Amino acid sequence: MSTDIQKVMRNIPQMNKLLGAPWVAEYEDVLGRDTVKFLLTEMLTRLRSEIIKNPDMAFSTDSIIKDAKKLLREKAASTLRRVVNATGVVIHTNLGRSLLHEDACRAAASAASLYSTLEYSLQDGARGQRNEHVEWLLCRLTGAEAALVVNNNAAAVILTLSALAKNKETVVSRGELVEIGGSFRIPDIMALSGTAMTEVGTTNRTHLKDYEAAVTENTAVLLKVHPSNYRVVGFHSNVPREELAALAHKNGLILMEDLGSGMLLSLAEAGLSGENDPTVEESLKAGCDIVTFSGDKLLGGPQIGAIVGKKELIDKLKHNQLLRALRVDKMTLAAFEATLRLYLRGKGREIPTIKMIFKTDEELLKDARAFSRKLKAFFKNTNIRTYSIEVVKSQDTVGGGSFPQSVLNGYAVSLRIPEMGSAGKLAEMLRSPERTTPVITGAAEDRILFHVRTLQHGDDINIIRTLAEIIPQSQKDNEK
Ligand SMILES: *Cc1c(COP(=O)(O)O)cnc(C)c1O
């Protein structure tokens with residue numbers, strides 16, 4: 001090491017000095033002394049190797065302390081944080097999909113903090129089955145003979161194919177070989193399950209005769225997959241479930257449907273319906289022997305995978321070794337049971353996901369007007385002179401791969417502040433990790449949009465507080 005570099009290195013503060021600083025103490029409470037030391041050591045080591053690479057690098061004790069504070073502040077806060085969803089996407093995959101009803105939250109908290117009958121039969125004073133808490137409810141709500149729950153719908157599909165079609169063939173339409181959310185690809189999932197995939201038809205059209213020609217003595221399952229957020233429009237056709245069921249049963253095969261979102265009640269009244277989107281009950285009625293779906297998409301519950309259908313098939317799944325690795329946690333199970341009971345009592349529309357989808361034009365317009373008044377009142381007290389706040393019509397979406405073509409007509413409050421730079425810049429400031437409550441907004445050309453459909457109780461205040469963190473208050477206000 002040259003003497004020049006050694007001189008520069010001497011300007012780096014001693015670890016002991018850093019650790020002794022009063023501002024470090026508050027982080028020791030949150031992170032523990034060892035971790036604070038570890039993080040600062042790592043930071044200084046990084047700095048030293050940067051200096052060796054670039055000896056003319058500018059730094060000062062102040063800049064090091066500033067960086068250290070920033071690092072410790074970042075690590076002291078959880079990265080899994082609440083945010084405001086102002087995007088109008090109800091089942092926002094990146095923001096946690098479905099929000100639970102308060103009954104489900106209470107049930108999860110109780111299961112988490114207290115002993116329970118998770119796997120205990122009070123009747124027998126002996127081991128019970130965790131699946132039984134929800135099986136009968138799923139059967140009631142879908143008309144199925146039997147049901148089983150696992151970690152998520154991906155697990156449900158893997159378990160089902162593995163238990164029913166391993167080392168055999170599964171026939172699937174080329175129009176349904178989809179990739180969902182980047183990591184769930186039907187061909188890969190089938191390979192993982194150990195079933196040989198027989199593709200039939202073309203991307204846009206698959207006929208019954210295609211399936212018929214593909215059936216061999218080694219075929220076990222005809223698989224139908226919900227195309228999620230992918231749609232073929234124009235010249236296309238697929239085979240109705242009833243016809244597939246007849247073909248399957250004539251040949252002693254199983255008709256399985258991966259429904260993806262899985263609805264327990266029809267959303268036709270909200271303008272959402274189509275042959276691709278039956279309720280779980282409709283899919284079973286049409287002849288599917290086994291159906292899989294997610295708990296945290298349109299159902300509005302916790303992350304879970306539900307498998308419903310014929311008892312003899314579900315029994316095979318219950319005895320599969322994979323189940324042990326895919327089983328559901330007690331908090332999830334409790335939240336799921338509470339969610340299903342809401343449907344049982346005819347209160348499905350009170351579940352947050354469903355409620356947001358069913359919000360009326362009048363409600364949304366009223367919410368948007370009230371929020372725009374609050375925003376205007378806030379801006380009156382700032383130094384910002386050029387801004388525009390308007391209530392506008394918005395195009396909200398269901399999200400989660402459900403009803404990709406259907407727009408939910410809604411309302412948003414648009415905000416434009418030319419003197420603060422582009423809309424993209426403003427959106428970035430609102431969602432910055434520095435914010436107490438980051439706000440994720442929608443965008444339209446030169447303005448940001450607060451879609452009111454996905455705002456939760458109190459979010460109007462949260463948004464204004466977040467704005468107040470980036471927008472200086474007016475002189476007049478400061479003097480008070
Ligand atoms: C979402 C989806 C899945 C994956 O479900 P997870 O609950 O996210 O595991 C599988 N298949 C379809 C058709 C889907 O829409």
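**Exercise 1. Find out how many disulfides this predicted model has, and look at two of its cysteines.**

Let's start with the count: there are zero disulfides, taking a disulfide as a pair of cysteine sulfur atoms within 2.5 Å. As a reminder, a disulfide is a covalent bond between the sulfur atoms of two cysteines.

Step 1. Take Cys139. The closest cysteine sulfur to its own sulfur belongs to Cys288, and at 16 Å that is too far for a bond.

Step 2. Check how covered the cysteines are. Buried means under 20% relative accessible area, exposed over 50%, and partly exposed in between (1.4 Å probe, protein chains only). Cys139 has 15% relative accessibility, so it counts as buried. Cys105, at 39%, counts as partly exposed.

A word on the ground rules: this is a predicted model, where local features need pLDDT of at least 70 and side-chain atom pairs count only at pLDDT 80 or more, while totals for chains, interfaces and linings use all residues. Residues are numbered from 1 along each chain as its sequence is written, and side-chain values use heavy atoms, with hydrogens and water left out.

**Exercise 2. Describe the protein chain as a whole.**

Step 1. Count the secondary structure. The protein chain has 20 helices and 17 strands; these are DSSP runs numbered from the N terminus, helices being H or I with at least four residues and strands being E with at least two.

Step 2. Look at the extent. The C-alpha trace spans about 85 × 60 × 55 Å along its principal axes.

Step 3. Ask how much is covered up. Of the 480 residues in the protein chain, 48% are buried.

**Exercise 3. Count the salt bridges and place three of them.**

Step 1. Fix the rule and count. A salt bridge is a side-chain nitrogen of Lys or Arg within 4 Å of a carboxyl oxygen of Asp or Glu, and the model has 28 salt bridges.

Step 2. Start with Asp296 and Arg97. They form a salt bridge whose closest N and O atoms are 2.9 Å apart. Asp296 sits in the loop between strand E12 (290-294) and strand E13 (305-309), and Arg97 in the loop between strand E2 (89-91) and helix H6 (102-113), so the pair ties together parts that are 199 residues apart in sequence. Asp296 is buried at 9% relative accessibility, whereas Arg97 is partly exposed at 23%.

Step 3. Stay inside one helix. Arg106 and Glu102 form a salt bridge with closest N and O atoms 3.6 Å apart. Both residues lie in helix H6, four residues apart, which is about one turn of the helix. Arg106 and Glu102 are both exposed.

Step 4. Widen the view. Glu102, Asp103, Arg106 and Arg345 are linked in a network of salt bridges.

Step 5. Move on to Asp446 and Arg416, whose side chains meet in a salt bridge (3.4 Å, N to O). Asp446 lies in the loop between strand E16 (439-444) and strand E17 (447-451), and Arg416 in strand E15 (residues 408-416), so this pair joins parts that are 30 residues apart in sequence. Asp446 is partly exposed at 37%, and so is Arg416 at 27%.

**Exercise 4. Work out what surrounds the ligand.**

Step 1. List the shell, counting a residue if one of its heavy atoms lies within 4 Å of the ligand. Around the ligand are Arg97, Asn152, Asn153, Ala154, Ile180, Phe184, His226, Ser228, Asp258, Gly260, Ser294 and Lys297.

Step 2. Sort the shell. Three residues are nonpolar, six polar and three charged. Here Ala, Val, Leu, Ile, Met, Phe, Trp, Tyr, Cys and Pro count as nonpolar, Asp, Glu, Lys and Arg as charged, and the others, Gly among them, as polar.

Step 3. See where the shell comes from. Helix H8 (153-165) and strand E11 (254-260) each supply at least two of its residues.

Step 4. Pick out some atom pairs. A polar backbone atom of Ala154 is 2.9 Å from an oxygen atom of the ligand. A polar side-chain atom of Asp258 lies 2.7 Å from a ligand nitrogen atom, and one of Ser294 lies 2.7 Å from a ligand oxygen atom.

Step 5. Gauge the cover. Taken alone, the ligand exposes 380 Å², and the protein buries 93% of that; the areas come from the Shrake-Rupley method with a 1.4 Å probe, and for residues only the protein chains shown count as cover.

Methods: A residue is near a molecule or strand if one of its heavy atoms lies within 4 Å of it. A polar contact is a pair of N or O atoms within 3.5 Å; within protein, one must be able to donate a hydrogen and the other to accept it, and residues adjacent in sequence count only if both atoms are side-chain atoms.
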